[in-house]
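Subject: The structure, and some notes to go with it

Hi there,

Here is the structure I promised to pass along. Could you open it alongside this email and follow the notes as you read?

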Amino acid sequence: MKLELRGITKRFGALVANDHIDLRVEPGEIHCLLGENGAGKSTLMNVLYGLYTADEGEILLDDEVQRFTGPGDAMAAGIGMVHQHFMLIPVFTVAENVMLGHEETKAAGRLDLDAARRRVREIADRFGFHVDPDALVEDLPVGVQQRVEIIKALSRDARVLVFDEPTAVLTPQETDELMAVMRRLKEGGAAIVFITHKLREVREVADRITVVRRGRIVGEASPTSTDAELAALMVGRAVELTVPKEAPRPTASALEVRGLEVTDPTGAVVVDDVSFTVRGGEVLVVAGVQGNGQTELAEALVGLQPASGGSVTLDGTELLGRSVRQVLDAGVGIVPEDRTHDGLVGAFTVAENLVLDRTDGPPFARAGQLQLGLRDRFAAEKVEEFDIRTQGIDTPVGRLSGGNQQKVVLARELSRDLRLLVASQPTRGVDVGSIEFIHRRIVETRDAGVPVVVVSTELDEAVALGDRILVMYRGRVVGVVPATTPRDVLGLMMAGIPQTEGASA
Amino acid sequence: MTTLAPTPSSSPAPQEGATAVVARHVAVVSRKAVVASGVLTLLLALLVALAPHAGLARFRFSSETDLFRIPSVAVPGQTVAWVCVVLAVLVTAGMALLVRAGRRVPVVLSALLAVLLVVGFLAWAGAGSDRDFPVVRLVGGSVLLAVPIVFGALGGVLGERAGVVNIAIEAQLLAGAFTAAVVGSLTDSPWAGLLAAVLAGALVALVLGLFTITYKVDQVIVGVVLNVLVIGLTSFLYSQVLVPSADRLNSTTRFPPVAVPLLSEVPVLGPALFRQSVVVYLMYLAVPAVWFALYRTRWGLRLRAVGEHPKAADTVGIKVQRTRYVAVLVAGGIVGLGGAFYTVVSVSSFGKEMTAGAGFIALAAVIFGKWDPVRAALAALLFGAASNLEGALSIVGAPVPSQFMLMLPYVVTVLAVAGLVGRSRGPAASGQPYVKE
């Protein structure tokens, strides 16, 4: 089935998320939509899928204009979508998820689960997936959950398949498998739209590439383009893809983690006997596929989650068992994983957020009174220093872009005298320009002799930023390796295969 | 209060190609059951020791009209109470050993303990009394008191499973009771009253739905406001309209009890459960019917999907708002039916605030029953039994101040909701309006 979008425009208030976008996807073709976070790719696909209504423009399938009032219409027309955040019901089984919305019934209105199981098995067999139709979705690894999403789309005979950032949660090996599945679908005659911001994946699998920037199509690229060319097209200027940094100069200061263990309320050991040391002047990147305990590790380090065992010492002082306030006072800087949730108060101004953790004493508070003048001078200084693009220090921080919000967090944390910096996913949802800046500041912090722990699920970032890389899998340390380790070895480690075995395999 | 104990790992095997690295699990064992059992056993022991009662406690199991008669049993109350205390101590010790070994406490043990404590308490309370405990009436009375709570809980389960917290169960019960009284009196037909109650419950639900689903007002606030509104409205109409013309507007013909052939002749349970009115039989049908609808039909699957992850439901073409409306309306109708019980079965006239908080107990039963219709109904029965104990004790003239017994159902509610039965996880999107961007 041929998909064509003509002049799609979608506005949210003053923001034009999609500006007259034209796109054609032929059957048997993988069409890649490349663009930064916030470029409007997902908005476009949500329009296509009937989740949003376009303000202008039309959608054509095999040259027929479609009117979608909801996802049901889009699905009936043959459009399937594998969502970035899986649209699966965690407490339902695979079969129930696949049948939902087009259930077959037996006498007395009983659900025909057997039919759904057969359907799951049949599609799974066709693609060599190993999926148990009766498994609860929440018990499945993310890679398998994604396959359930694919099965769901195929079970409705989708002829146009949209993959929205499908590789964000996958190991490199799982990504390769997904690419193979996409190729097989393509050979079966499906029209595939592949949305991503990862350059390597694009070049590997795309037949055609359309680059989106700030809601507009800025050009087509051929799959033979280099990373640098694609990045320049995506960002609109030449981009430094590597982080310039010198060899680390270790200092005496150090963070020592011994046998750290964190247990979640259900009894799962999410951080299992983790030990490592980070010297001052060194960046240790904690890598791994999302959900393998990195979040909990970072939160336990700074006291946001109680540890059930082990020790964390910074220059010989124990950090475990202290309150977050005490950990902050010990000189620990925290860049939390979810800045809008944990890092900032969205309705507070830039200035207020910049002193959020320093309002209980001098210099920003005296005799219980906030020193507003001092605060504003400080804020203006930091806005300048960190190149925070804002209309003013009185703008609510929630109105800033992701990259600028992250700079506010970073500015706040780096403006104290640090003895340790823990940064979780510092560049998630951040534009390329800000990524460069954030990386540079993290390296500067390292060069000032501070131990730095960065949690990242992006292999590129881990390799670019880290001096050493610690790979976690299912709560455990698979290994700590130099950043020069080959990518395929790192990829295997992220799937739980230690370096030596990986090398011999 | 939890304790951690290591157990062998038990997690799904990693994907193909992965290694022997398997996530470790430790069992999280709650000590709550042990602590609560210990405290309750101790209380009973103190009661029996500090206020000993001499004499026999008599339990009557059948009435004169029964086909099969079981002779009454007379036991030395104090001795039986002590035996129960000793057994309860043993059961508690067993629970403690299980927890230390890192195992879960089976529900059977908790239930056994509850039975021991109740029997011990009754034996102590009834000792030396010249009346005997009518066990049949004890069971039957529990069922009767539980009827509105069961209907309320079923409505609550349906609403929450679809993502709408129904705090307004009380309002729906009261509206049902009021409407059934008026319509039942005017038409002189309890059936008409019953039907009107269903509509009244659904009408309150419609208001709830309008504000929470369409206008996305906080569900708890709307629920509370509806409760206050309906209490005020029915009280006003009662004193201004019903009282002046009580004969015409507020005296219903009640449903007579109907004995089910055979079943009603089963000893003890038969007369208690199967010589009831049609509303009670409707309850027996409603519980499995709601269970079936929720777990075995397309409607139920979609309803649960909407309550767990409305956006996912939307992306497969399910109309979230419509599904929620239907669920809330059906739930309201069921609760309204329960409200009719007050005025066409229990008594034959409406009284101010006659539901007396049953709607809130039903809300607790929803949580206690872990959002499952069958469990919630059983929880409602438990609350009914707790309420009924007060009546039973006053029959034998037990030396317990009735105010204490009146508190019992609420104490049971608090303990139950505090998680004595283990952790309960509600529908993920319960209480959250679905906002489509």
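Below is what I found, starting with chain A and then moving to chain B.

Please keep in mind that this is a predicted model.

**The sheet in chain A**

A good place to start is an open sheet of 6 strands in chain A, with the order β16-β19-β20-β13-β21-β22 and mixed pairing. Its edge strands are β16 (332–335) and β22 (476–482) of chain A, and each of them pairs on one side only. On average, neighbouring strands of this sheet are turned by 15° against each other, direction ignored.

Beginning at the β16 edge, β16(A) pairs with β19(A) (residues 420–424) in the parallel sense, over 4 bridges. There you will see A:Gly333 standing opposite A:Leu421 in β19(A). Helix α14 of chain A (residues 402–414) lies across β16 and β19 of chain A, and runs at about 175° to β16(A). Another helix, α17 of chain A (residues 487–494), packs on the sheet too, where it touches β13 (283–287), β21 (468–473) and β22 of chain A. The direction of α17(A) makes about 35° with that of β21(A).

Is β13(A) mostly covered or mostly uncovered? It is mostly covered, with 5 of its 5 residues buried. The cover is on both faces: A:Val283, A:Val285 and A:Ala287 are buried on one side, and A:Leu284 and A:Val286 on the other. As for its partners, β13(A) runs parallel to β20(A) (residues 452–455) and is joined to it by 4 bridges, with A:Val283 opposite A:Val452. β13(A) also pairs with β21(A) in the parallel sense over 4 bridges, and there A:Val286 has A:Leu470 as its bridge partner.

**A hairpin in chain A**

Next, have a look at β11 (residues 251–263) and β12 (residues 269–280) of chain A, which run antiparallel and are joined by 8 bridges. A:Leu260 has A:Val274 in β12(A) as its bridge partner. The two strands form a hairpin with 5 residues between them, and A:Gly267 in the turn has a positive phi of about 100°. β11(A) is also joined to β14(A) (residues 309–314), again antiparallel, by 5 bridges; here A:Leu255 is partnered by A:Leu314.

**One loop residue**

A:Val243 sits in the loop between α8 (227–235) and β11 of chain A. Why does A:Val243 count as partly exposed? It has 18 C-beta neighbours inside 10 Å, and a residue needs 20 or more to be buried, while 12 or fewer would make it exposed. The C-alpha atoms of A:Val243 and A:Val463 are separated by 9.5 Å, although these residues are 220 apart along the chain. Leaving out residues up to four places away in sequence, A:Val243 touches A:His439, A:Val443, A:Ala464 and A:Leu465.

**Helices in chain B**

Now over to chain B. Helix α3(B) (residues 107–126) has 20 residues and reaches 28 Å from its first C-alpha to its last, close to the 28 Å expected at 1.5 Å a residue. Its buried residues include B:Leu113, B:Leu116, B:Phe121 and B:Trp124. After α3(B) comes B:Gly128, which has a positive phi near 80°.

Two helix pairs are worth a look. In one, α4 (residues 135–161) and α13 (residues 320–346) of chain B have axes that come within 8 Å and cross at roughly 175°. α4(B) and α13(B) are therefore roughly antiparallel to each other. Among the residues making this contact are B:Val147, B:Phe151 and B:Gly155 of α4(B), and B:Val328, B:Ala331 and B:Gly338 of α13(B). By class, the contact of α4(B) with α13(B) has 15 nonpolar, 6 polar and no charged residues.

In the other pair, α10 (residues 278–296) and α11 (residues 298–308) of chain B pack at an angle of about 70°, with their axes 5 Å apart. That angle makes α10(B) roughly perpendicular to α11(B). B:Ala293, B:Leu294, B:Tyr295 and B:Arg296 of α10(B) meet B:Trp299, B:Gly300, B:Leu303 and B:Arg304 of α11(B). The residues of this contact divide into 5 nonpolar, 1 polar and 2 charged.

Happy browsing, and best wishes!

Definitions and conventions:
Residues numbered from 1 in each chain as written. Chains lettered and ligands numbered in written order. Predicted model: local features only at pLDDT ≥ 70, side-chain atom pairs only at ≥ 80, totals over all residues. Pairing = 2+ DSSP bridges. Axes fitted to C-alpha atoms, helices over the stretch in contact; angles between N-to-C directions. Contact = placed C-beta atoms within 7 Å. Parallel < 35°, antiparallel > 145°, perpendicular 65-115°, else oblique. Nonpolar A, V, L, I, M, F, W, Y, C, P; charged D, E, K, R; others polar. Expected span 1.5 Å × (residues − 1).
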